[in-house]
Each structure stands twice: as C-alpha cells, then as structure tokens.
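Here is a friendly walk through one chain, from its overall make-up down to a few single residues. Please keep the sequence and the 3D view open as you read.

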Amino acid sequence: MKYRFFTVTVPIILLVVGAFYFTAQFIQPSPKKEITIATGSKTGNYYKTALEYKRLLEQDKVKVNIITSAGSIENIKLLQENKADIAFLQNGTITNEEAKGAKSLASIYYEPLWVFYKNDGYPVDYIIQLISKKISIGKVGSGTRDLAQDILKDNGITTENSTILEYSTSEAKEALLKNEIDAMFVVSSHKSQTVKELLANPNINVLSFKRARAYSRKYTFLEALTLYEGTLDLYRNLPDENINLLATTANLAVRDDFSEELTRLVLKKVVEVHNKKGLFAKADQFPNSFNMKLDLSEEAQRYFEYGDTFLEKIFPYWIASNIDRLKILLIPLLTLLFPLFKGVFPLYNWSMRSKIYRWYDEIREIDNQLEETEKINLKEELEKLEKLRCEISKETKVPLSFMGEYYNLQLHIDHVKKRVEKLL
C-alpha cells in the first residue's frame, strides 16, 4: 500500500515516453554538415566568392568542398549529376527546362559584360562594327559564350562572316594583347584582375553600349549600368570616360533535394557577404530574387519573405535548427498535457491523502484481530500501535490543508489503543 502512488505515475511516465518515441520516428535526422560548391576557374570571381562562403560556413562547423569548372553550363550538369550541391550560374544562360532537378537560390551581384577591342584609332560604337573580325566569345560551357553568341547573332555576326574563337578569359586576354584577335567578350565583376589590366592598357578600348537600354528590354535578365569616369581609379582616371555597360547577375543554384537546413544556413552567409554597398549596387540590394530565369527554391522564397525566424534571432543557428526540427514533439506533448492538466489537482489530492490512508491497512488489521487475541498478547499489540504512531509521525509529511486527515488518523489509532487497554 505504501507504494501505490507508483502504480499511477509509472504508467503515465511510460505513456509520455512512448508517445515521444513514436513521434520522434517522423523527425528528419540532422543533415550531414558538408557542402560542395561548383565555381568557375580559380582565377575567376566565382571561386573567390566561394572561398568567402567557405570561411564563414566553417565557422559553423560545416565542411565546404570547392570544385572548379568551365562555367555555368558545366555547373548545372554538376548539380544534375549530384557532384555539387550549390553552383554559381550566370543569369540568363540556363532555363527551367535545361535545369531539371535544380532551383535558383539567389542573385548575388552584378556581372557586367565587357567587350574589349584593339585600339587602332577607330572607336567601336556598335557590335555590328566587329563584323569580319576575330572575336573570342569564351570557352564552351561558360555563360559568357552563350550570351556573346546571342548578342552577335542579333547583330548579324556569325561564323560565316567573322572568325569566332572559343578562348578562355586568360587565353583571350593574351591573344588580344598580342594582336592575335580583334575583340573579346568577358562577363566578369569589375574586381576581376583581367578587367582592371585591360582597362588600364592604352592599346585596348572597351565598348560603350549606346543601345544598352534596348538590349535590356530585349533580354529581361540584363540591366543597363553606367561605369562613370574615374570610378575604378581616380589617380589614373580609369576609365577615362563614362561607359555604358550591360550587366547580368551572378546566381546561386541548388539541387532540389538538398537539405533545407543547409540551404537556409548558406543564405544567411550569402546575405552577410553581399548585402553591402558596391560599385553598381546599393546597400541591401543583393542578394535578391529578381529577374531570374530559374524558379526560386521554396526555402529561399521563405527566407526572402520572412527572414530569420524567432529562434534564429535568439540562438546560434544549429541550436535554433534542432529546436525547430523537434517542434513535431509538441503534438504528443500538448495531447498528453491537456488531460494531465485537468487531472493534476485530483491527482495531487489523491497523492497527499494516500500518504495518510496507506496506514489504515495496518490499523484495521490490528483492530480486526483484537477479539481473538489472548490477553498475554495484547501488550504486544499495544506496543505495535505505539511503534506505528512514531513511524507515522516520522514518515508522514503533508501540507497544512491535509492536517485534518492526519489528525483523524491519530484519533483512530487512539480509538484502537483504548480498545486494547479496555480488553487488558
């Protein structure tokens, strides 16, 4: 009788534990903290940006692998072949039909299209003036090649009336400086060493698109930008005049089946790297989800719409993430707590009274045997009652609101004791 309380509490505890265990089977396990990022060449800005992501992600104990490629076309294949989780793409080079199994994550910065040509005394104002020239349009697999082909085609320049070459950026730069080609196309950030070198070279000119706005209307993923005189170097006055540029954006793409938790963590680092004011961008302009050819991933859409969650603002990311994953456990918890809460006061009253009532078994047993007990043994029963009274005094601790039941117990002991004394 002394341990009857456990016959109620133990089943309740087992029920709660069982419910949590059953629900836990539906919780997705924590993802492997490893990401593979596909970039461009080691000399390009994609690779440098990936190194920045790597530095920040490794602070959160995420292993980052970086693999190089020829560019956007090859990167999308790496995603589709599960050789990369996230990849850099040049906006406008890949469509949804070509990128099955991949979604866009964010636009992260402007990538101007630079058309450099030999300075032979005759300025080039329109692309059509490059007809019959030797032109490098970028390597196979690169986004530069795809964009350059479209622009040349719109201006009537083809392999039939001009020499189209597929050099890498570094190969094209060397060939242009050696007068082996007449012009080169390159899509790259203004921070690119190649862009800086060619802008500073007096023997090389850069084409200023007079019809930049017309191109931006035709190609919705392009924007018309102006690089103002002296912007890159005031001392050397680079460039030496205002230049109208066309710019696409660098995009990040992600595999459809990639972890939502890691996707969200990557987006947080992307914001940290790219939300600052730049040469062409305002503060907080990037990252964004504008003018992208690929559909935006659901997790990226949620992040751009709502930002950091309440938990992410309070806890470090992985703690917030684990709490969020375990929120499904609230279902059995709330289901069990509601009836338990309703029964907590009756259960409390019962547990307090049980501390008192459990002694009645022994008192009743003594009382029932008195009539049959010989006088010689009645003294033993009397001693037993005194011993029971002392034991009750030591072991039975109850709140003041239950002292009535406690003193009733003492009165009942006295009642049995008087019966013993009368029989003696």
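Of the 424 residues in this chain, 44% are buried, where buried means under 20% relative accessible area, exposed over 50%, and partly exposed in between (1.4 Å probe, protein chains only). Before going further, please note that this is a predicted model: local features need pLDDT of at least 70, side-chain atom pairs count only at pLDDT 80 or more, and totals for chains, interfaces and linings use all residues. Residues are numbered from 1 along each chain as its sequence is written, and side-chain values use heavy atoms, with hydrogens and water left out.

**Confidence and overall make-up**

The chain's mean pLDDT (the predictor's confidence in each residue, from 0 to 100) is 85, and 85% of the residues reach 70 or more. Among the elements, strand E5 (residues 134–136) has the highest mean, 97, and helix H1 (residues 6–24) the lowest, 62. Over residues 1–5 pLDDT stays under 50. Where pLDDT is low, the predicted coordinates should not be read in detail.

There are 15 helices and 10 strands; helices (H or I, at least four residues) and strands (E, at least two) are DSSP runs, numbered from the N terminus. If we take contacts (heavy atoms within 4.5 Å) between residues at least 6 apart in sequence, 77% join residues at least 24 apart.

**Helix H2 and the cores**

Helix H2 (residues 45–58) has 14 residues and should span 20 Å at 1.5 Å a residue, which agrees with the 20 Å between its end C-alpha atoms; the expected span is 1.5 Å times one less than the number of residues. Its buried residues include Tyr46, Tyr53 and Leu57. Among the elements covering the buried residues of H2 are strand E1 (34–38), strand E4 (102–118) and helix H8 (260–274).

The largest nonpolar core (a set of buried Ala, Val, Leu, Ile, Met, Phe, Trp, Tyr and Cys residues joined through side-chain atoms within 4.5 Å) has 29 residues, of which Ile35, Ile86 and Ile108 touch the most other members. Elements supplying at least two residues each include E1, H2 and E10, while H8 gives the most, with 5. Another core, of 24 residues, lies apart from this one and includes Val124 and Leu246.

Leaving aside neighbours within four places in sequence, Ile86 has contacts that include Ile35, Leu105, Leu252 and Val266.

**A buried glutamate and a buried glycine**

Glutamate 312 sits in helix H10 (residues 310–314). Is its position buried or exposed? Glutamate 312 counts as buried because its relative accessible area is 12%. Its side chain makes a polar contact with the side chain of arginine 264 at 2.7 Å. A polar contact is a pair of N or O atoms within 3.5 Å; within protein, one must be able to donate a hydrogen and the other to accept it, and residues adjacent in sequence count only if both atoms are side-chain atoms.

Glycine 71 belongs to the loop between E2 and helix H3 (72–80) and is buried at 7% relative accessibility. Beyond four places in sequence, glycine 71 is in contact with Gly141 and Ser142.

**Backbone details**

Most residues other than glycine have a negative phi, and most peptide bonds are trans. Here are four places to check against that background.

| Place | Feature | Value |
|---|---|---|
| Leucine 238 to proline 239 | cis peptide bond | omega about -10 degrees |
| Phenylalanine 286 to proline 287 | cis peptide bond | omega near -5 degrees |
| Serine 132 | positive phi | near 75 degrees |
| Asparagine 179 | positive phi | about 60 degrees |

Serine 132 is in the loop between E4 and E5 and is exposed at 55% relative accessibility. Asparagine 179, in the loop between helix H5 (169–177) and strand E7 (183–187), is exposed at 53%.
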